[in-house]
Structures are given as C-alpha cells and as structure tokens.
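Colleague: Please give me a close look at one part of this model. Take it slowly, then show me a few other places for context.

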Amino acid sequence: MADTTTTNLLLTKPEVGASTDTWGTKINTDLDSIDAIFAAAGTGTSVGLNIGSGKNLKLVGDVIDTNGNELLKVSATASAVNEVTLANAATGVAPTLTASGGDTNIGFKLVSKGTGEITAKVNGSDVFNASSSFGFKNRIINGAMVIDQRNAGASVTATTANLYTLDRWQSVASVTSKFTVQQNAGSVTPPAGFTNYLGCTSSAATSLGATDNYQIAQTIEGFNSADLAWGTANAQTVTLSFWVRSSLTGTFGGAITNYSLNRGYPFTFAISSANTWEQKSITITGDTSGSWNNGTNSGGIVLRFSLGTGTTYSGTAGAWAGSQLFSATGATSVVGTNGATFYITGVQLEKGSTATSFDYRPYGTELALCQRYYQVYGSVGSTGTNGDVFIGTYRNSSTLFVPVQYEVPMRTTPSFTQISVSGAQWSSQTQDVTITGFSLSNTPTPRTAFVQATSSAAFSAGNGLVYTNGGTTTNAFSFSAEL
Amino acid sequence: MYQLVTPIIGTEVQIVKKANGDGTITFIPLNAPQNSDYIAFLKWIEEGNVPTPADE
C-alpha cells in the first residue's frame, strides 16, 4: 500500500510497514507544513477553523485582509463584562450588531477618529450623519443668540425687574444699572459657525454684598426637561457646552437650579485668555432630589451664568445642594470691573455625558420656539420688522375690537404690553383714524386675544383694518408668557 | 403701581395694568396662575399693597 495524504492539508501519511528510510523526512515535511499555517504574517496555507460551543478564539493580534493590510483590531479591557454580539439573519430580516454582556443596561458607542464623521446609509444615500443630526437635542432655546424680538439688537440696562433681553435670556440684577446686555455688543467676530452672541458689559466697578447677584439666565419649561427625570432615582446626566469670551481671565461661575430655588449645582469654567473665544463643556450628574416640575408648563431647569454673586448665594462647585445657589464660591465678578465684558453663544444643554456638536435649528423653528414665550406685533426699533395688519371691528365710537390669533400658541395665558402706538391707524370704508392706544380689558387665552384700540377721534360704525406701520420707529404691542 | 381695568365685556374685573416706567403699559390677566407677571402681582399684594381701583 502506497503513502496516502490527509484531506485538508495534504499531509503525507507514510505507508504503514514501509517508508523505512523516508518516513522521518515525510513527517518533518508535514510538521513544517503545519507550522507554516501559523506564520505571524498570516501567509500560511488557507485553513478552516471551527470554534465549537464552549470554546473560544483568543485574539490579541490583528485581523488582516488578503493584501496583508489591517482589517480589524481588538482592544482588551481588564475585567470586561460587556461585549458586542453579531447576529446573521434569514431572508428578509436584518442582521444585527448588539451590545451584550453582564450589565443590565448597556450603551453602544460608535467612535470616529479626529473629525471623522459617523454616517449611516440607506439605498446608497446618507440618512444620518452624527456630526449634524440629533435635532432638538438642545434644551436651551435661542442658544445661538439669533432671536432678539424685544430689542432688535439694542442695548438693555439690567434692572431689578429682571428684564428679558435676547429671547429666552433673562437678566437678573440685585441692583439696577450695573451691567448692560446687547446682541453682538462690541461687534467682535463670533466663533466659527455662529453669527451672533449675547454680550454683557459691566457699567461700573461694583462691590458685591453678600446677597448681591447678577446673572444671565434661561428657564427651561418643565415639558422640555421631563425626560431628564430630575428629582427621581432615574435622573439623567446632562452636559452643558458653550462658547465664551471675556475681557477678564480667571475662574468664572454659574449654576443649575430648580425653579423653586431650593436645589442648586454651582459650576466653574476657566477663561485663560482675555478677549478670546473659548469653548467650555461641563457635565452635570442629574439631581435625584427636589422638585423639577417635570412634564408641566412651569419652570423646570434654570441655567444661570453669574456675572457676580455674593457669598450668600455661592457654593461648592460640582455638587448638588439643597439651597439657593447661583454660582461657585470665589468665581470671578464681571460687574466688579467697570467696562468688563462677558460674551457668550452656542449654549447647549443636552442629555448625556458628552458635549456634541451644536444643534443648529432653522431660523423659523427657533423663532417659533421663542414665540411660545414672547411674541411682538408691529415694528421694534429702527431696523425692526414690518408692520402688521389686523381686522378692526367697531365696538363704539371710541373703541375697536382687534382680534389677534397668535403666531404660535403660548405657554400660558399671556400678558399684553402696549409698547408704542406711534403711527398705528384704523382705515374703514369711510374714514382713516389715528389710533392712540392699545389695551386689554378681558382675559386672553393662550391662543387668542381681542385687543382694544382707542382713539381721541370718533370711530364710525363699520369694520376696517388696523395696521401698525413698519419702518423707522418702534410701533408695536406684545404678548408675554415668559417663565 | 397696579390699576384694575374695567372689562369691556361683562362686569368682573379680569385685568390689572401696570405702567413700566419706560412708556410701555402691561395688561396682566388675573386668572392665570402660571403667568409670571400675575405671580409678581400676587407677591406685590402679599407685601401689603393694594391696586388702584379701575377708572369709571
């Protein structure tokens, strides 16, 4: 019987009882063939490998392709309990890549290198790109400081009335006239990707009393923070990110608080170079205590950037406290230096422990989000919007009803403010009458109101148009349902 | 600081107005517990203040 060969590697099987002088050579050749399979470069004879149930393939090196190039690397984590499971699928069912392992809840990360993007394709086209997607991840409205319905870019002096400045951004001041707020104050170039910023300028060198506090703040409605589940055991971590620039350097402060002001988380951020935009990121563990008005139209989370806070309202950075805190102990006081500036934009508060790219929303969408809290009709400022036209129905010789259906339903029953009536007019079939006042005497709803227009001249019976002139002067009224 | 407003429809006073000192006048609904201007008005009342009666 002659020598035979094995099925897969074609190893020589010396004839039993023969090959007296050649069997050793044949065996050595076979051993060399087997050894070559395990060449470090993976250049050995192609083989199949069956890793049976309960058996493992230990992989420390790389998987390379047919050209010898790296295809897959593995990275070992000491004491790892979670891993990835690949599953194929039958006809009509998608294969899956699944996070699996010992933990009850396991996240899944796709990590690009450098500025590389993460993209998903369907039918050959991108349907997802992680660097520009995840719309509405930002809980802050007007974080890019684009909308300024009230002031149209004009400066606002902060007062104890805690005036709103750019849309959704409220100035807080324990003493009037210590700082101003203006869209694009100082006309510096915003950071790349932004066209606007909120600029605060100190109006004096103000010493802080223990209870003094100066801030720029935004209150997030409880409906928009409900999923963060703060005040419960499932409170989610959030990350705050923003671009900031100041004429001062040092450690600045702010805080996250609840609307009731009995929960506070002071935070700090360093500005290392004066008059230079710097991007900051702060991760905040969700608060498992306190009341956060989740799922209501009341105030939920309040974000505060301190421009100066006295000791009474300053606390330890990076920790929750059950008290009224607006900043971190020892933080820089912007109002302490006359003329000091504090500019900010790109403010984003999002779920998770990582700051992601800014959530750019269409202008119309951002405006509509702002209008849930404030909307103005007519013209504001010399560069304001055009005038608006309404139906004006005759009530009596001195009063018209002017029904208004808001551009966006409001958060709650709003207040009405007559800003100016200069240039407003009623035109009917028979007459043109200058309007001298807008007012409200019956309760509006969150969707509609009937404003009253009055005049020193008598109106004639009939219907007509009430219009506010656009152009060169402020001539407007507004509705506010701000928090 | 605040003055009640005579309703043009009905008789129950529903609005209080406030001159803001900058030429603007704000009209605040009195039955809007989530309205921050109304909340501020209630605080003003709690401090012992009384609004001016409505004009006849």
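Modeller: I will start with one helix and then move to some strands and single residues.

This is a predicted model. It scores ipTM 0.98 and pTM 0.81. Chain B averages a pLDDT of 95, and 100% of its residues score at least 70.

The part to study is helix α1 of chain B, residues 36-46. Begin at its start. There, a side-chain oxygen of B:Asn35 comes within 2.7 Å of the backbone nitrogen of B:Asp37. Next, find the buried residues of the helix: B:Tyr38, B:Phe41 and B:Trp44. Look down the helix axis. These buried residues fall within an arc of 115 degrees, so they line one face of α1(B). What do they pack against? Their partners are three strands of chain B: β1 (2-5), β2 (15-19) and β3 (25-29). Now turn the helix around. The face away from the buried side carries B:Lys43 and B:Glu46, which are exposed. Finish just past the end of the helix. There B:Gly48 takes a positive phi of about 95 degrees.

Chain A offers a strand to set beside this helix. Take β13(A), residues 213-221. Nine of its nine residues are buried, so the strand is largely enclosed by the rest of the structure. Both of its faces are covered. One side holds A:Asn213, A:Gln215, A:Ala217, A:Thr219 and A:Glu221, all buried. The other side holds A:Tyr214, A:Ile216, A:Gln218 and A:Ile220, also buried.

Which strands are joined to β13(A)? Strand β10(A), residues 170-173, is joined to β13(A) by four bridges and runs antiparallel to it. In that pairing, A:Ala173 has A:Tyr214 as its bridge partner. Strand β18(A), residues 299-309, is joined to β13(A) by eight bridges, again antiparallel. Here A:Glu221 is partnered by A:Gly299.

Next comes a sheet in chain A. It is open, with six strands in the order β9-β11-β12-β21-β14-β17 and antiparallel pairing. Its edge strands are β9 (156-157) and β17 (278-284), each pairing on one side only. Look inside the sheet at β14(A), residues 238-246, and β21(A), residues 341-351. Eight bridges join these two antiparallel strands. A:Arg245 stands opposite A:Tyr343 of β21(A).

Two threonines help you find your way here. A:Thr180 is in strand β11(A), residues 179-183. Its C-alpha lies 5.4 Å from that of A:Val156, though the two are 24 residues apart in sequence. Among the residues A:Thr180 touches are A:Ser155, A:Gly199 and A:Ser203. A:Thr341 sits in strand β21(A). Is A:Thr341 buried or exposed? Its relative accessibility is 12%, so it counts as buried, since the cut-off is under 20%. Its contacts include A:Cys200, A:Arg245, A:Asn275 and A:Val334.

For contrast, go to A:Asn50, in the loop between α1 (23-37) and β3 (63-64) of chain A. This residue is exposed, with a relative accessible area of 72%. Its C-alpha is 55 Å from that of A:Gly295.

Last, the cores. The largest nonpolar core has 41 residues. A:Trp169, A:Phe179, A:Phe269, A:Phe305, A:Phe342 and A:Val347 have the most contacts inside it. A second, separate core has 26 residues, including A:Tyr377, A:Val404, A:Met410 and A:Ala481.

Key: Residues numbered from 1 in each chain as written. Chains lettered and ligands numbered in written order. Predicted model: local features only at pLDDT ≥ 70, side-chain atom pairs only at ≥ 80, totals over all residues. Heavy atoms only, no water. Buried < 20%, exposed > 50% of the residue type's maximum accessible area, 1.4 Å probe, protein only. Arc of directions from axis to C-beta. Contact = heavy atoms within 4.5 Å. Polar contact = N/O pair within 3.5 Å; in protein donor to acceptor, adjacent residues only side chain to side chain. pLDDT = per-residue confidence, 0-100. Pairing = 2+ DSSP bridges. Core = buried A, V, L, I, M, F, W, Y, C linked by side-chain atoms within 4.5 Å. Lists of a residue's contacts leave out its neighbours within four places in sequence.
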